[in-house]
Amino acid sequence: MSDSKFFDGLPSFFSGAPSFSTSEQRLFFPAAPRVDHFPVSLPYPISKGTSFFHPSAEWLMSIDLKRQVSLVSLRDMFRSEPLRAHVIFEQCFELYEQSFPDPNEISSAHEIVAAIREESTHFDVVALIEGGRVLGARHLILLDIGVPELGPFVVGEHMYVDRSERRRGIGKTLVSRTEDLMRSWGVRVAISEQNDPDAMSPELLALDESSGITAAQRRKFWKSQGYEGIDAPYVMPPISEDKEPVYHLRIAIRRLDPSFPDSISTEAFVGMLRAYHSSWVDHADSNPYTVALYERLLREHPEGVRIVDLESRRVCLRQDDFV
Ligand SMILES: CC(C)(COP(=O)(O)OP(=O)(O)OC[C@H]1O[C@@H](n2cnc3c(N)ncnc32)[C@H](O)[C@@H]1OP(=O)(O)O)[C@@H](O)C(=O)NCCC(=O)NCCS
C-alpha cells in the first residue's frame, strides 16, 4: 500500500515516499489498516521513511579515560558493509536472547534483520562496539503520527549490555547517546515497554532475574535515566502467532523536551500505541488485544493519560480482561 497521505505533515528529514515491498512488510512491519469498527476515528498515519543516519555513520566516543568505543547503526551498516553488519548483529542477538529470557518478549533473528532492512520504516539496532566486539545495543523505532503535540517520537524496544560489562556506565552511555540522536531528529518524547515488578508473578520475577538483573533493578535503572511512567493499563499484544500477550509491562516515557506537558491526550497516546503495535501486529485495528486495550484507554481516560513516577502503582491487566 502506498498512500501519499502517510507523508503529510512529516518533518523534512523524512525524505520522500519510499516504495513498499509487500512481502517484507507483512513479515514484520505491516501498514496500519483503516477499518470501520475502530472505536474512534484516529486518522493518524504510521510514519514511513528511509534511514536514521547518514550511511556509514559511526561515531567514536570515549566512555572513560581508558576505552574508545563507537556507536554504529546496523541499519546503515547492512547497506554499506553487510558482512560486518551480520557479524555484529549475531553478537547483538546473542546478548538480546540472554538479556530477555521470556520468549514472549522477543522476536526471532530473522524478524529483526527483516525489520532493519525494511526501507519503508525507521527501525534500527544501534550498537556500542569496542574493536569488533559488541558491548551493548538498543533497538529503536522512529514514528510520526502527524499529531503536533507529539511530533516524531521514538519507541525504545530493547536495550542490553553484555553481562561481563555491566555496572561500568555502558547502559547509561547507550541511553544518553541514543537520546542525543533522538533530539537531533526533532524527537521530544520517547516511550518504551518496561517490566513492571508490581505486575509479575514469583515465577516471572525469577525468570527475569536469570538475565542477571531483577525487574525492580531494571526499573531503578530506567528511573535513574529520567524515565517516568504512564498511569494507565497496558498489554503487549502477541509478537507472533506462536506467542502469548504480555501483561506485566508498563509504558514508560522519557520527556526529552522539558516543556513536554504532564499528560498526553488519550487519542494521541492510543495513536502512538497503534503505530507501534502495527510494527508487528498484522491488524492492530481488529486484533482482540489491541482493540480492547485502545477501547479501554479511551473509555477510562477521557481527560488524557498522566505521566507519573515510574515506581507508582497503576491498574494492571490480566487474561480475564480479554475473554
Ligand atoms: C539494564 C542494563 C542495560 C544496565 O546496563 P549497565 O551498563 O549495567 O548500566 P550502567 O552501568 O550504565 O548503570 C547506570 C545506573 O543504573 C543503575 N543500575 C544499573 N544496573 C543496576 C542493578 N543491577 N541494580 C541496581 N541499579 C542498577 C545504577 O544506578 C547505575 O549507576 P551506578 O553503577 O553508578 O550505581 C543491563 O543491566 C542489562 O543489559 N540488563 C538486561 C536487559 C535489561 O534489563 N534491559 C533493560 C530493559 S529494556
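Two residues are taken to be in contact if their C-beta atoms, placed from the backbone, lie within 7 Å. On this basis, the buried residues of helix 9 pack against helix 8 (266-277) in the predicted model described here. The buried set of helix 9 consists of Tyr289, Thr290, Val291, Leu293, Tyr294, Arg296 and Leu297. Helix 9 itself spans residues 288-300, 13 residues in total. The distance from its first C-alpha to its last is 18 Å, close to the 18 Å expected at 1.5 Å a residue.

Over the whole chain, the secondary structure amounts to nine helices and ten strands. The chain has 323 residues, of which 42% are buried. Among contacts between residues at least 6 apart in sequence, 73% join residues at least 24 apart. Confidence, expressed as pLDDT, has a mean of 82 over the chain, with 82% of residues at 70 or more. Residues 1-51 have a pLDDT below 50, and this stretch nevertheless has 93 contacts in the model beyond near neighbours in sequence.

In soluble globular proteins, nonpolar side chains tend to be buried together. The largest nonpolar core of the present model contains 73 residues. The members that touch the most others are Leu74, Ile88, Cys92, Ala127, Ala137, Phe153 and Met272. For Ile88, with residues up to four places away in sequence left out of the count, the residues touched are Val72, Leu74, Met77, Ala127, Ile129 and Val134. Leu74 and Ala127 thus appear both among the residues touched by Ile88 and among the core members that touch the most others.

The ligand is surrounded by 19 residues, of which Ser99, Arg166, Gly171, Lys172 and Gln217 come nearest. Strand 5 (153-161), helix 5 (170-184) and helix 7 (215-224) are the elements that give two or more residues to this shell. The largest contribution, five residues, is that of helix 7. Classified by residue type, the shell around the ligand comprises six nonpolar, seven polar and six charged residues.

A further feature concerns Pro261, which is located in the loop between strand 8 (249-255) and strand 9 (263-264). Because Pro261 has 13 C-beta neighbours inside 10 Å, the residue counts as partly exposed; the exposed class ends at 12 such neighbours and the buried class begins at 20. Pro261 and Ile307 are separated by 46 residues in sequence, while their C-alpha atoms are 8.5 Å apart in space.

Methods
Residues are numbered from 1 along each chain as its sequence is written. This is a predicted model: local features need pLDDT of at least 70, side-chain atom pairs count only at pLDDT 80 or more; totals for chains, interfaces and linings use all residues. A residue is near a molecule or strand if its C-beta atom, placed from the backbone, lies within 6 Å of it. Helices (H or I, at least four residues) and strands (E, at least two) are DSSP runs, numbered from the N terminus. Ala, Val, Leu, Ile, Met, Phe, Trp, Tyr, Cys and Pro count as nonpolar, Asp, Glu, Lys and Arg as charged, and the others, Gly among them, as polar. pLDDT is the predictor's confidence in each residue, from 0 to 100. A nonpolar core is a set of buried Ala, Val, Leu, Ile, Met, Phe, Trp, Tyr and Cys residues joined through C-beta atoms within 7 Å. The expected span of a helix is 1.5 Å times one less than its number of residues.
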